[in-house]
Amino acid sequence: MSIRITGMNSGLDTEAIITELMKVQKTKVDNVKKQQTKLQWKQDAWKELNTKVYSFFNSTLNNMRTSSDYSKKTTDISDSSLVKVVTGDTAMNAVQKLSITELAASGYLTGGQLTGSNTKNSKLTDLGITAGSSFSVTVNGKTTDITVTDSMTIGGLITSLQGAGVDANFDEKNQRFHISSRKSGKDNDFAITASNANGMDALSKLKILSFDENAIAEYEKYSSMTAAEKQTAVDAEVATRLASYLKQKASLTETLNSLQEKYNAAAEADKEAIQKDIDSTQASLAEVESYIGADGSSASQKLIDEADAKIQAKIDAATAALAGGMTGSDVVRIGGKDAAITLNGVKYTSTSNVFEVNGLTITVLGGEGKEVTLSTRQDTDGIYDMIKKFIKEYNSLINEMDKLYNAEAAKGYEPLTDDEKEEMSDSEIEKWETKIKDAILRRDSNLSTIASSFKSIMLAGTEVNGKKMYLSDFGIETLGYFASLDNEKNAYHIDGDADDSNTSTKEDKLKAAIASDPDTVISFFSQLSQNLYSKLSSLTSSTDLRSFGSIYDDKKMKEDYSNYKTKIKTMEEKLKAMEDKWYAKFSAMETALAKLQSNQNAVTSLLGGR
């Protein structure tokens, strides 16, 4: 910004003069800015109202405009401490007898107490367990083998157990392992069995050796294997391990190629370290390839032999376990159980305590051997609550529209300029702007159209079974002009509504109508909701002025706001040019005065003046 030095010869306050000269033009710019600000506030007011209207349209009205939306049912339970029921729309209105036979349970193993003060960082070999000991965890037919290594800790074993599909923890305070199935039910139970000669000893020293029903079934499966069954098991093991080796080969090959590229691009001093990584990777790749056949995709004899040895070890371990009398277990084992109920004389089972029968979702909470009565009926309270919610939301919208439309005029109030704000406190500014914002939609024709459409539909009523019916037929009316508060004259109240002090003492016609003839009530309110929904669909359809889902001319307002920005920019550029022009004229005057002063001084000097 250039520095302007004025008035040095004329003695005039040029800044003040130019400011006064520009005041009229600056006021014109400020007026346009105020119009833009009011438009912004109007957009904000419409956005807020539009959000509420669209929510009413998209949720409440959308959920009430078909008769099926009111088909709510509920089930009364003779003893709710034993059973919980969620009633679906397809459930039949009936009284049913339910007997609780058995509750579902998860498989659970509590290990024996270890000696010493072991932690999750303790190594298994310190417990006397031989590295290479192997045992299996079977869940839902899937078996995962866990092999003890020299470095495996109790924490590492917990991680391996969890990876095998069970929940597991080591209680350091009580020195016990706790293992459970992740889901309840008999089919979701687990079995832990020895997989090789040292596996039984490992389970015993970990105090998790168990000869429960599931474990015995696993041992018997291997001990009684025929040659054909063994070969099938070996083939499956080979296929699983081959897939793993092929995946490792692909990963190692990619790593090796990357290291080779890195080596080629590296400085000579860095190549030695990279070469070590290459050698290590090549060694790992060679080991993996030793399990893969010559064609690179089939199992080598080495892999087949190892798989055969693994299955044979399981067979030997199972045979030894059964021959040893299955003794030495320190665990407490609870088997997984299915839940069982009898409903109307028919038995149902479930892996959990939840049953889904003919539209009812039944959760058994307790009470084995006890009986409860389930009474399914039309949920009249649910219908009443839906209508009450609808009326409440409608009232909230129509009251707000009336308040906005009938707002007190803000005559004489305009948005403040920055200079005007400097002369006021923050609270004064807020009060001033609130006055304008509150009146921003006063007497708005678009708002009047929307509100009038709402009111007309609510007053018009609908035809049910050839008879014209109105909200008043169900005890739903406004309070009247003189009894209503300002801007609440179009709000509806339900006679007998306990939450409405205005009508709580009146007879509840709506509840009586729902109880005696729910179909008529449903038909009336579904049609009324559909009428409002259709009208709002029309009002919020896309046009050249508004977007889909908008009740106001958002496109037009956005365009107008953009036009204001362009207009303000043009006016400010003209204002700057005009200001520069005035400064140039006064500068020229100062220059002329300076020359005149210089000439006068020269003449005075020639005449001998001082």
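**Helix packing, cores and a cavity in the predicted model**

Helices α12 (residues 509-516) and α13 (residues 518-539) pack at an angle of about 115°, and their axes lie 5 Å apart. On the α12 side, the contact is made by L510, A513, I514, A515 and S516. On the α13 side, P518, V521 and F525 take part. By class, this contact has seven nonpolar residues, one polar residue and no charged residues. The model is predicted.

Two of these contact residues, L510 and F525, recur in the largest nonpolar core. That core has 59 residues. The members that touch the most other members are I387, F390, F454, I476, L510 and F525. Six helices each supply at least two residues of the core: α1 (14-61), α8 (380-405), α11 (445-460), α12, α13 and α14 (554-606). Sequence neighbours up to four places away set aside, F525 touches M64, Y70, I387, F390, L471, F474, I476 and L510. A second core, separate from this one, holds 56 residues. Among them are V139, I154, A168 and L285.

One cavity of 30 Å³ or more was counted. The space in the largest cavity is about 60 Å³. Its lining is formed by S136, T143, T193, A194, S195, E218, Y219, Y222, K314 and A318. Strand β9 (190-194) and helices α4 (213-223) and α7 (301-323) are the elements that give two or more residues to this lining. Helix α4 provides the largest share, three residues. By class, the lining of the largest cavity divides into four nonpolar, four polar and two charged residues.

Individual positions were then examined. T462 is placed in strand β16 (residues 462-464). The relative accessibility of T462 is 2%, so T462 counts as buried, the cut-off being under 20%. Beyond its neighbours within four places in sequence, T462 is in contact with K467, K468, M469, F524, Q527, L528 and N531.

K468, one of the contacts of T462, also serves as a reference point for K556. These two lysines are 88 residues apart along the chain, and their C-alpha atoms are separated by 41 Å. K556 lies in helix α14. K556 has a relative accessible area of 35% and is therefore partly exposed.

N169 belongs to strand β7 (residues 166-171). N169 also counts as partly exposed, because its relative accessibility is 35%. With neighbours within four places in sequence left aside, the contacts of N169 are K120, I158, R176, F177 and H178. From N169 to V357 the C-alpha to C-alpha distance is 37 Å, and the two are 188 residues apart in sequence.

Backbone geometry was considered next. Most residues other than glycine have a negative phi. K207 has a positive phi, near 65°, and is not a glycine. K207 sits in the loop between α3 (199-205) and α4. Its relative accessible area is 24%, so K207 is partly exposed. N487, likewise not a glycine, has a positive phi of about 60°. The loop that holds N487 runs between β18 (476-477) and β19 (493-494). N487 counts as partly exposed because its relative accessibility is 23%.

Key
Residues are numbered from 1 along each chain as its sequence is written. This is a predicted model: local features need pLDDT of at least 70, side-chain atom pairs count only at pLDDT 80 or more; totals for chains, interfaces and linings use all residues. Side-chain values use heavy atoms; hydrogens and water are left out. Axes are lines fitted to C-alpha atoms, for helices over the stretch in contact, and angles run from 0 to 180 degrees between N-to-C directions. Helices (H or I, at least four residues) and strands (E, at least two) are DSSP runs, numbered from the N terminus. Contact means heavy atoms within 4.5 Å. Ala, Val, Leu, Ile, Met, Phe, Trp, Tyr, Cys and Pro count as nonpolar, Asp, Glu, Lys and Arg as charged, and the others, Gly among them, as polar. On a 1 Å grid over the protein atoms alone, a cavity is a set of points where a 1.4 Å probe fits but cannot get out, and a pocket is an open set with protein on both sides within 12 Å along at least five of seven lines; lining residues have an atom within 4 Å of a point. Grid points are joined across faces, edges and corners, and a volume is the space filled by probe spheres set on the points. A nonpolar core is a set of buried Ala, Val, Leu, Ile, Met, Phe, Trp, Tyr and Cys residues joined through side-chain atoms within 4.5 Å. Buried means under 20% relative accessible area, exposed over 50%, partly exposed in between (1.4 Å probe, protein chains only).
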